[in-house]
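Work through the exercises below with the sequence and the model side by side, and try each task before reading its solution.

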Amino acid sequence: MRVPVPLRRRPVLVLLLPAVPLLILVSQASRTSDPLPGSWTWTVAHSVLLLIVPAAVASTGAALEASRLRTRRAENVVNTRSPTIVLLSAIWPSYAAGLLLQTGAIGLVAATAWGGSSAVPAGLLGAIAALLAFHLAAGFLLGSLLRPVHAAPLALAFSYCWLGFTGAVDWFAPRHLAGLVLESCCFYDEQPHGLAIAAAAAFSLFATSAFLSASAGLLGLLGEPRAALLGLPSLLLVLAVSLGLLLARPLGSTATQPRDTAGLDCSGTRIAVCLYPEQLASGDPRQRIEAMVLRLPAALGLPARVLASRGPATAEGLTLRYVPGMTDLQIAAALASGVQGDQLLQCSEPTARTIAREQVGDALRGWLTQRMAPSAGGESGMEPTAAALLAAVLRLPDDGQLRWASAASASLRDCAIVPPDRLS
Amino acid sequence: MLEAMVARLGPRRGRPRLSDVAVTLSRGRTVLLGPNGAGKTTLLRALAGVHRFEGSLRLDGSALDPRRPRPAVYRRAVGWLPQEVVPFPSLTVREHVAYVGWLKGLRAGPAWDRALDSLAQVGLEARADDRAERLSGGQLRRLGIAAVLVHEAQYVLLDEPTAGLDPRERDRLVEALRSIETRCCVLVSTHDTGALLEAGANVMVLRQGTVSFAGSYESFVGSAGAGAGANAGAAAEAPEELLRRAYAALVPEE
C-alpha cells in the first residue's frame, strides 16, 4: 500500500543509525554489578534512565518532519486533508522510532536484571509512552517555528536539558513531570505510586496536545488567523503544568508506595523469612536465609522475622534486599547491611573519629557476612584499613570477636560510644 | 464558473486591501495586471481561500460564504500557485507532487499515479525521479503547476509564474499554460505582459485595491488605441508597445 511520504524519505531513519549504538553505550555506562530485581515493574521503570536516547530521536525526527510542512505554510491553509491526519502522518514514524528504541531500552535493562517476574506494568508503560509523545511534540513545535538547521539541534538539546535539568533540581515536582523519577520504582516491597504515573502522564498528554495544536496553527493547518489559534495551546500548557504539579504535590522524592505486606509468603521454623511470590519464582531460598540468620550470635539480638525490603530494619524485623539468583555471600552481605542499618550515624565529632566509625562499620559488615556465610569466602572491595581491622578481629578468640562486634554495633547507633579498636 | 465579489478585504479600520473587486473566471486565461502593492497577490489568496472577505462567492452556481473557511469541494476545485515554490526536503519531483495531491484529499495511490500525468503536462516527466531541490527556478514553477494540476483543479490561480525566469524557461511555462487553459480557468497575475497577455485572454487591472479595468484583450488594446487616436501611426505599432501604452493609460505613474 502506498503511503503519502515513503518511509525511506523519513529523516528519523537516518537518526536511528547512531541512536542504536548510543543506546547500547548509555546502557553499558549505567550498568552495575549489584544484583538487580528482574520484575517487569523494576525493568520498565529503570528503562526510563535510557529515555534520553529515544526521546532525542523522537524530538529531532519530529522537528525535521515539521520542516516539510513548514515549507508550504501558506498553502496548508487550503489543504483538503484533515489537520489531524496530516499531523499524524508527519509524526508517526518518529514516535514509532522512539517507542522501538524504548522497547530496546527495556530489553537492555532486562538483560542486566537478575530474576523474578511480575505482571507487565501497564500504567508505567503508558506513562513512558506519554513522556515520549511529549518530547516528540516539543520537537515538532520547534520544527514548525524554526528552520530545520536550527530546529533539529534545539530539539535534541531540549530533550537532553528537560530530562537533565529536572533530574538536577532539588524541587521534586518537576522531576515527576519529566518522569525521570519513575526509575526509583520499584523493589519487590514497593509498587508504582499512582499519582507519580498520573502526574507524568497527565502533564505529558496535555503538553503534547498544546504543542501539537500550536504547531498545527503555526503550519497553517487550522486556517487563519494563526495568532488567535495560539490561545488554545497556551491554555492547554497552563493546564498541563497545573495538573501535573497538583498531582505530584503529595509525592516525595520517589515514585513508589509500599506494597501490601499481606502479599508476603512467610516460612521458617525459628525465624520467619517472608518474601514476595516474585522472589520465589525461580527457587525458594528461605531455608538458606534462615540458616544464615541463625548463625548470628544471639548477643546481637536475633530478629523474629526477615522481611523482603530495601528499606531500613523496622520493629517488624530485619529487612533483606533479596533478589532471585543471589549467591550466599550476596545474601549474607545484604543481611549484614540489614543488621547494621543503612543509615550512617551523623555525629558532631573530630574527623578522625568519624573515619574510625566508618571503618568499624565496614569491618562489622564484613564480620557479620563471614559469620553468616563462612564457606562463601570474604567480601571483596573493602577499604584496606577496614579490611586490616577485620583481619585483626578475626584473629581474636570467639568471645573477643563477639565483644568487639557488640561494641562496634553499639558505636554505630550512639555517638556517645567510642568505636572500638581491634585489640579491645 | 467561479464568481467572486470582494466587497472588502482588510483591517476593520483603515484602508482595505481590496474593495469592490468583482472577478468572474471562465474557461481560458485571465491576466491580472497592476503595479506592486495593487492587491494582485491578496486577490489570488482570497480566491484560493487563504483570506476570508466580505462580499459574495459562487462556485459553479453554488453560493458560498466568503467569510468562512472554504468547503473541501472548493479547496479541491481551486488550485493556487504562490510566488515562491519551495520543494519538500528530500522528496523526489514525483513524490512532491503526489504528497501535495494527498494533502489536497487524494488517496496516496491515485495521487502517485496522477503525479506522473501532471508532470507530463508541464514537461517535467523526465525529472520525476530527481530530487525536487535540484530543480532550477523555472522548473520549480512548473513543479508548482504540476502540484496544482494533480488534484484536477478546475480553477488555477498563478501568482507571477514567469517572474525571474530566463526566456527559454518562460516560453516552456507559457506553452504548458496554453495546454492547461483549454480545460481549466486560469487566473494569472503578472508584470510580464509580453509573455502572458495574448489575444483571446481576459484582462483585469488592479490599482490600489480596486479594479481599474476588466475586459477582453481586444478592448484592453483598444483602450490604448483610443487614447492614441490622434496618433496616425497607432495602428502600425508593435503589440508590446500597444500593451505598454494601454497599461500606462490605466495605471499612470505616481
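**Exercise 1: an open sheet**

Task: find in which order the four strands of the open sheet of chain B lie, and where its edges are.

Solution. The four strands follow the order 2-1-4-5 in chain B, with antiparallel pairing, where strands are DSSP runs of E of at least two residues and helices are runs of H or I of at least four, both numbered from the N terminus, and where two strands pair if DSSP finds at least two bridges between them. Strand 2 (18–25) and strand 5 (62–64) of chain B each have a single partner strand and stand at the edges, so one side of each lacks a neighbour in the sheet. Inside the sheet, strand 1 (residues 2–9) of chain B runs antiparallel to strand 4 (residues 54–59) of chain B, and six bridges join them; B:L2, for instance, stands opposite B:L59 in strand 4 of chain B.

This is a predicted model, in which local features need pLDDT of at least 70 and side-chain atom pairs count only at pLDDT 80 or more, while totals for chains, interfaces and linings use all residues. Residues are numbered from 1 along each chain as its sequence is written, and chains are lettered from A and ligands numbered from 1 in the order in which they are written.

**Exercise 2: strand 9**

Task: decide whether strand 9 of chain B is largely enclosed or open, and find which strands it pairs with.

Solution. Begin with burial: five of the six residues of strand 9 (residues 202–207) of chain B are buried, so the strand is largely enclosed by the rest of the structure (buried means that 20 or more other C-beta atoms, placed from the backbone, lie within 10 Å of the residue's own). Next, strand 3 (residues 28–33) of chain B pairs with strand 9 of chain B in the parallel sense over four bridges, and B:V31 has B:V203 as its bridge partner. Finally, strand 10 (residues 210–216) of chain B runs antiparallel to strand 9 of chain B and is joined to it by six bridges; the two strands form a hairpin with two residues between them, and B:Q208 in the turn has a positive phi of about 50°.

**Exercise 3: the contact between chains**

Task: find how many residues each chain gives to the contact, and which helix of chain B gives the most.

Solution. Chain B gives 24 residues and chain A gives 20 residues, counting two residues as in contact if their C-beta atoms, placed from the backbone, lie within 7 Å. On the side of chain B that touches chain A, helix 3 of chain B gives the most, with four residues.

Definitions and conventions
Buried ≥ 20, exposed ≤ 12 C-beta atoms within 10 Å, placed from the backbone.
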